[in-house]
Amino acid sequence: MRLTAQEATGSYTDARHELLERPGALGSPRRKALSGLTDDWLRALYVASGAGEIGAALVAVGGYGRTDLAPGSDLDLLLLHQPSVSPSDLTAVADRLWYPVWDAGLKLDHSVRVPAEARRLAAADLRVLLGLLDARTVAGDDSLTKFLRESVLGDWRALAPRRLEELHRGVEERTARSGELAHLLEPDLKDSYGGLRDLVALRAVAASWVTDAPVSALAAQRDFLLDVRDALHLVTGRATDRLMQQEQVAVAARLGLSGDDPADELLRAVSSAGRAVAYAADTTWHRVERLTRRTGVRGVLGALAGSGSTARRLRGSVAERAPLADGVVVQDGEAVLAADARPERDPVLVLRAAAAAAQAGMRLSPHAVERLARDGASLPEPWPASALDSLVSLLGAGRPALPVWEALDQADFWSRLIPEWSVVRSAPQRNPVHRFTVDRHLVETAVNAAAHTRRVGRPDLLLVGALLHDIGKGRPGDHTDIGVVLVSEMAPRMGFGPEDTETLVAMVRHHLLLPDTATRRDLDDPATVDSVAAAVQSEEVLDLLHALTEADAAATGPAAWSEWKKSLIEDLVARTRAVLAGRPHPSDVGAFAAEARIAEAVRATSSEGVAVLLDEDEVTSVTTVTVAAPDRTGLLSIVAGVLSLHRLQVRGAQVDTVTASDGTPRAVQVWTVTPAFGDPPPVERLREDISRAVLGTMDVAARLDARESAYPAPVGTADPSVKVVPGASDRATVLEVRAHDAPALLHRITRAIAAADVMITAARVATLGSEVVDVFYLVDRAGLPLAQSRSDALVVTVLGALARD
């Protein structure tokens, strides 16, 4: 019986709802069922609309054409018709087709074209072309669809060398906007590199015949990413492709993931899928670029015209093999195995081939990787010296090591060679400061360390220590403590002797020592430098940690490194080196200049006045603000509040009391700050506001409270932590505060400390992404460290100040 459009739509809506709500596993069968259900409905609408009477074809394109409909997918439809159809008939038919779709509450991307017009649009717009490569007739004259698809495909192959360059440029631009799927805490399943759009791009490359693309080999990754998108649509009730953190637990549950941490399990699986797609895309685009550059557009077009398969023709013009290393040759711009190579008898061959490729700036060919993974012999333990040398050589190649490492990782080589690697592989880092998964962070740190090998006595220990410094992550407990145990076992297996193993363990144990100390401790306190010297024990380890710190920070992300932090660490290293060499504690190189500015500030004050000096360092982008004012309780909090009002982010503060020429005490504060954006304020304006605040004519707290009320309270953040750090200083009590960053946070903390009648002699402020670690050196009015009871009470007071209504 022929259904009306209304009857067909009602029946479809009910059936669609039942299918989407049906319990059970998601997957390709459900997507195909949804696509088939939609096909049946649209065929009924086609008949009811009279489209068949004008000889039109209703065509599904894009994801719908591939039968990949998700719960929230748009319907991408094209109504193809002959040029002879009148506009009035077309309009009537189109209205009868599109309006029921809108009435059903579905999103519709529609167009009405003759085949020639659709072909011209595909030639001008890659998005149209990519959609039409998957065109499929839903109802009507299939010959129209077939003619269009073949015409578009022929045009694509004819102009592929030029248009592939355009497609690749679009991929790069999209990656710059949306990042890499494998390394994001909130990835875009479609647009992030390694996502669904890259799978579509690979299909287009394969269709071009310029080179092969491993489309079928990625079927499992494609299905998984589509499953995640389906679950995301069902959980949120929206057509979204971004996997937000607050939805990951529910999405994981809908996918049936039920481990100890299902959200991390989900992200790890998404990362693994994204890495496989990204690696395939990297390899494919590398070959496209090499083939089109070497042969040129005319050569490729000639090959297409002569055989129908550029890939087969181009493979016939392979460059002669040239030796690269024992068992490894270069062929056609890639490292491949020599004809007489025997990976089943040569356990070091895989590392030797990887090192040779990276040192030559080449990739390992996929065929070589496949053969090494399939036939390669296992390394004996401990490793032969040549194996360790090859690993060091691979890492020492720097950036060219990354694609080589990833190629072997896709073959699961590293987890087999280093079993501990499997735990960190694709492991997410729930810290916005980090831009990579744990394993990629380790490799990035190692290749960054390659630039610092001339600074250390043992480059091999620097590179391997960098590779293993966070190996303890991904397991319950403190990652440093776990890493120390793991490396003490791993290093001997890798061929390191007892002394070298001890050094590697020290690198893991102390890999955060320099940055944490430099940014959170008072470097003028002798106890600070003495504790670092006692930990590192030798200049060799100090140099290794210094280089590791820079490489680690660069691999972490922009927020982890700055010229200001670099200068602090260099100062700490210089002071520690002097202590290790038996020389007296050195003074800060800028101490004399600072003392001169302090003296100038004190001279500029009167008994009731305030002096403010401002100095900008163009190299470090750090501004020093020196404030001299009559000493009073809460002065530090007042100045911190004014700095916050001026959008100056505090990095550190030194506090002292000096006697002016008239015999009155003056409090002197030296602040290191960076503008949140733009340039620092004019010194006259800053001086005026600080003076008004000190004299009580400007209510800093009220202004900050008003500004803070405009910001929403952070959601899902950990509770703040306040603790006394025992043994950090002999002359002050050291209080460490960790909290989520918020406007005027430093003002609130220092106001609470002042209210407890406690003096601040120095402060260090570190902001890591959205988290802060503030450290304060505190004394009582007698200038002594706080008694235990006062310290305990102060912790409670500061915690109370951090509580937000």
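**Figure 1. Contact between helices H21 and H26.** Leu461, Leu462 and Ala466 of H21 touch Leu544, Ala547 and Leu548 of H26 in this predicted model. Sorted by class, the residues of this contact comprise 6 nonpolar, no polar and no charged members. Helix H21 covers residues 459–468 and helix H26 covers residues 539–556; their axes come within 10 Å and cross at roughly 50°. The two helices, H21 and H26, are therefore oblique to each other. The crossing of H21 past H26 is right-handed.

**Figure 2. Contact between helices H20 and H26.** The axis of helix H20 (residues 438–449) comes within 8 Å of that of H26, and the two cross at roughly 130°. H20 and H26 are therefore oblique to each other, and H20 passes H26 in a right-handed sense. On the H20 side the contact involves His441, Glu444, Thr445, Asn448 and Ala449, while H26 contributes Leu548, Ala551, Asp552, Ala554, Ala555 and Thr556. These residues divide by class into 5 nonpolar, 4 polar and 2 charged. Leu548 of H26 takes part here and also appears in the contact with H21.

**Figure 3. The span annotated as an HD domain.** The UniProt record, an unreviewed entry, places the feature "domain: HD" at residues 438–545. Helix makes up 69% of this span and strand 0%. The C-alpha atoms at the two ends of residues 438–545 are 19 Å apart.

**Figure 4. The loop after helix H26.** Ala559 belongs to the loop that joins H26 to helix H27 (563–580). With a relative accessible area of 42%, Ala559 is partly exposed. A separation of 6.2 Å lies between the C-alpha atoms of Ala559 and Val433, although these residues are 126 positions apart along the chain.

**Figure 5. Contact between helices H2 and H4.** Helix H2 (residues 28–49) and helix H4 (residues 87–103) have axes that come within 9 Å and cross at roughly 145°. The crossing of H2 past H4 is right-handed. From H2, the residues Trp41, Leu42, Leu45, Tyr46, Ala48 and Ser49 meet Val93, Arg96, Leu97, Pro100 and Val101 of H4. By class this contact has 9 nonpolar residues, 1 polar residue and 1 charged residue.

**Figure 6. Backbone geometry at Trp209 and Asp332.** Trp209 is not a glycine, yet its phi is positive, at about 70°. This residue, Trp209, sits in the loop between helix H9 (196–208) and helix H10 (219–236). Its relative accessibility of 34% places Trp209 in the partly exposed class. Asp332, also a residue other than glycine, has a positive phi near 55°. The loop holding Asp332 connects strand E6 (328–331) and strand E7 (334–337). Asp332 counts as buried, at 19% relative accessibility, because the limit for that class is under 20%.

**Figure 7. The cis peptide bond at Pro382.** The bond from Glu381 to Pro382 is cis, and its omega is near -5°. Pro382 is located in the loop between helix H15 (366–375) and helix H16 (385–396).

**Figure 8. The protein chain surrounding the close-up views.** The chain contains 33 helices and 16 strands. Its C-alpha trace spans about 105 × 70 × 50 Å along the principal axes. Of the 805 residues, 53% are buried. Among contacts with a separation of 6 or more, 68% involve residues 24 or more positions apart.

Note on methods: Residues numbered from 1 in each chain as written. Predicted model: local features only at pLDDT ≥ 70, side-chain atom pairs only at ≥ 80, totals over all residues. Heavy atoms only, no water. UniProt positions renumbered as here; feature names shortened; annotations may be inferred. Helix = DSSP H or I, 4+ residues; strand = E, 2+ residues; numbered from the N terminus. Axes fitted to C-alpha atoms, helices over the stretch in contact; angles between N-to-C directions. Parallel < 35°, antiparallel > 145°, perpendicular 65-115°, else oblique. Left-handed = near helix turned anticlockwise from the far one by under 90°. Contact = heavy atoms within 4.5 Å. Nonpolar A, V, L, I, M, F, W, Y, C, P; charged D, E, K, R; others polar. Buried < 20%, exposed > 50% of the residue type's maximum accessible area, 1.4 Å probe, protein only.
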